[in-house]
Each structure stands twice: as structure tokens, then as C-alpha cells.
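Thank you all for making time this morning. I would like to walk you through one model slowly, and I will explain each term when it comes up.

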Amino acid sequence: MVQPERFQFAIDRGGTFTDIFARCPGDKVRVMKLLSEDPANYQDAPTEGIRRILQEETGMQLPRDRPIDTSKIDWIRMGTTVATNALLERKGERIALVITKGFKDLLHIGNQSRPKIFDLEIVMPEVLYEEVIEVDERVVLQQSGCQLPKQAGLETAVGSTEEHVEVWRPVNMAQLEGQLMGVLSKGIQSLAVVLLHSYTWPNHEKQIGDLAKRLGFKHISLSSEVMPMIRAVPRGYTACADAYLTPCIKKYLNGFSAGFQDSLKDVRVLFMQSDGGLTPMERFSGSRAILSGPAGGVVGYALTTCTGGCTRPVIGFDMGGTSTDVSRYAGEYEHVFEATTAGITIQAPQLDVNTVAAGGGSILSFR
């Protein structure tokens, strides 16, 4: 194994504790555990862990009130439960849903599945949005046998899936601008945009996104970009989760990078995604981050327990201070492409991890 010339940091930022693993020059290994939240002593646990290790190993003085010198850092890789806990505890950003007119209640109705068909009390799926804006627009898949009344000379186009679409109504931008301003006035600055058939023809969603950005919305999640898949309901849930969680992720990333010189411009910083892969910090988003921390645990125990080949399946039980994650590894990673976490269905590639909002720091009470 080649010895590193600079420091390499692998970090698990959990809801209660943060664990830092560092490979130092000379192949020395350092491990450190800190409270994830300790405002009396530091603003950010991963930054503080890196600062302490660099200071102790190099002898350099690195004051907490100054950005950390990054010249001795090779790379940083991190898994975080920031998105997981924000979803479990419902502490994400306030959002509004923008959807095709006539489909206001689509995500509230959901797919009408009844996993427990004999239950007398049916619990409706939760929604993350506070407000709904119905957009006066309509795009329809072109069908030669369609007998619905329609105008002559409609605009037609070929979508990304090679399906032909007809634009029955363009976006009423003037009306939409007033609706968006009304949402902004209520303090909502994050949008999820879900239009029918945008998975193949996203032009209307892009127009709405451009308008919302011009009006001052801080984050816009277009379903055609977040997860361009057929089926509007799971695509809509995923866009809402992205709009709900990405601002939390960006806020954390901005705070983390601000603790280093030039905001980590010359350092390779990668974050663990829900599917077990790594992505650059600037591309880390809410819908792909829900299982960021738990996914790192799956990859870790898979590599350490099956080095000589997996003869029997391994069960992963990861109890943190805030949540508990259970998974299975039998020689290959088990992925799902639609999963429900904390009552929210997400259509995105994820490792098959089951998470519950109860950890070592949870208080169980009986009344």
C-alpha cells in the first residue's frame, strides 16, 4: 500500500456522534470521536476533528476562529445523516408544490396501495409541501387513435424517450408569476415542480424553474432533473423530498467548507450517496442523500466481513444515537429503486436499508 504524503480523512457525521478516521503521512492512523453538536466548543464536528488531528500531528497552531490550511489535506470523504434525520424529525425546508392544473391532490391521494388491507384505520401518506400551485398547462402524449376534442395546429415535439407529445396548453406565465409571488410572501423559498409527462418533455418545467429563480426562490427541484422517470406519483414524491432536504444539505455544506481556506477549492471532497457511491460535494443533493450515513456503514461491513468470500449472508445492525439502520449483505450490494423512508416514497437508487427513528439516545416512555 502506498503511504500517503498528505492527510486523508474519512468521516461519518451522525446525528449524535461524529467519527473521524485519518491516514497520516507515514501511514499512521488516527481515530477520533466527537459530539456532532457541541456549540459551546466548536461550530462543526468534522471540521473540528480535522483541525485537531492536523494540529496534533504537524505541530502547527490552527486557531478555531481561522480557516484551516488545506495544503496538507489530500482528500476528505464523508457520509452524513443530515438528510436522514431532517426527514425522520421533519425538520426540512418549507416547500411548495407546483403541479399541472387539475392534479392538485395527486400526491395526497398517492397510488392508493393498501399494504395492510384489513386495517380499519387507513393512514394517508404524508406530504412534505405546505402550499400547492396549479399551473395552467397541458402536455399530452400523441396517440393516433385519440378521440378527445383538441385544437388544430397544436405544437408537437419528440421527447427524450422518443415519444411524440402535443402541447395542448403552454404555461400561463403571467398567472403563474402572481401565484409564485403569493407563496414567496408566506416565507416559502423552496419549490418542487412536477408536471405530467415532463420525464420525456421537460420544457415547461424548465420555464417554471427559470421564472422561480428570477423571482428569488432559493431552491427549485424539477422532477425532470431530479428523477426523469415515468409515473408522476413517485416522481413527484422524489422531487418534493429533494426540495425539502437539499437546502438543509447545502446549508450544512456551506458551513463545513467555510471552515477551510478557499472553501476547500483545491481539496477532493466526496460525499456518500444512498446507493453506496461517492459524489463531489457540489453535486450532493437531498433525494440522493437520505441514506448517506447508513450506506457508508453497509459498504464498510461488506468490505470487512467478506474479504475471503461471503459463504453466509451478513446482517448489519447500526444503532446510532438518533436512528437505527438494518441491512443485509450476501456477496453483492442489494439495491432498491423505490423505497419508503419515514413515510416518504423515494424513486432513486438506494442500498436496501431499513431505518427507524429510534437510537441509543432515544427515550422510551409508557403512558
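I will begin with how the model is described, and then go through strands, salt bridges, cores, one threonine and a sheet.

What you see is a predicted model, in which local features need pLDDT of at least 70 and side-chain atom pairs count only at pLDDT 80 or more, while totals for chains, interfaces and linings use all residues. Residues are numbered from 1 along each chain as its sequence is written, and side-chain values use heavy atoms, with hydrogens and water left out.

Let me start with the strands near the beginning of the chain. Helices (H or I, at least four residues) and strands (E, at least two) are DSSP runs, numbered from the N terminus, and two strands are said to pair if DSSP finds at least two bridges between them. Strand β1 runs antiparallel to strand β2, which covers residues 17-23, and 6 bridges join them. These two strands form a hairpin with 3 residues between them, and if you want one pair to look for, Q8 has R23 in β2 as its bridge partner. From β2 the pairing carries on to β3, again in the antiparallel sense, over 7 bridges, with T18 standing opposite L34 in β3. The hairpin of β2 and β3 has 5 residues between the strands, and in it G26 takes a positive phi near 90°.

Now to the charged side chains. Side chains of opposite charge can pair when their charged atoms come close. A salt bridge here is a side-chain nitrogen of Lys or Arg within 4 Å of a carboxyl oxygen of Asp or Glu, and how many of these does the structure hold? There are 19 salt bridges. One of them joins R6 and D74, whose closest N and O atoms are 3.6 Å apart. This pair links distant parts of the chain, since R6 is in the segment before β1 (7-13) and D74 is in strand β4 (residues 73-80), 68 residues apart.

I will also say how accessible these residues are, where buried means under 20% relative accessible area, exposed means over 50%, and partly exposed is in between, with a 1.4 Å probe and protein chains only. On that scale R6 counts as partly exposed at 36%, whereas D74 is buried at 16%.

A second salt bridge is formed by the side chains of E37 and R13, at 3.0 Å from N to O. E37 lies in the loop between β3 (29-35) and α1 (45-58) and R13 lies in strand β1, so this pair ties together parts that are 24 residues apart in sequence. Is each partner buried or exposed? E37 is exposed, with a relative accessible area of 54%, while R13 counts as buried at 10%.

For a contrast in sequence spacing, take R51 and E48, which form a salt bridge with their closest N and O atoms 2.9 Å apart. Both lie in helix α1, 3 residues apart, about one turn of the helix, and both are buried. Salt bridges that share partners also join K28, R30, E56 and E57 into one network.

Next come the nonpolar residues. In soluble globular proteins, nonpolar side chains tend to be buried together. A nonpolar core is a set of buried Ala, Val, Leu, Ile, Met, Phe, Trp, Tyr and Cys residues joined through side-chain atoms within 4.5 Å. The largest core has 72 residues, among which F9, I76 and F256 touch the most other members. Its largest share, 14 residues, comes from helix α7 (residues 232-257). Contact means heavy atoms within 4.5 Å, and, leaving aside neighbours within four places in sequence, F256 is in contact with residues including P46, I76, M78 and L264. A second, separate core of 20 residues includes V98, I188, V193 and A212.

Helix α7 also holds T246, which is buried with a relative accessible area of 3%. A polar atom of the T246 side chain lies 2.8 Å from the backbone nitrogen of G286.

Finally, please look at the open sheet of 3 strands, in the order β14-β15-β20, where the pairing is antiparallel. Here β14 (314-319) and β20 (354-356) stand at the edges with a single partner strand each, so one side of each is left without a neighbour in the sheet. Strand β15 (residues 324-329) pairs with β20 over 3 bridges, and V326 stands opposite N354 in β20.

Notes. Polar contact = N/O pair within 3.5 Å; in protein donor to acceptor, adjacent residues only side chain to side chain.
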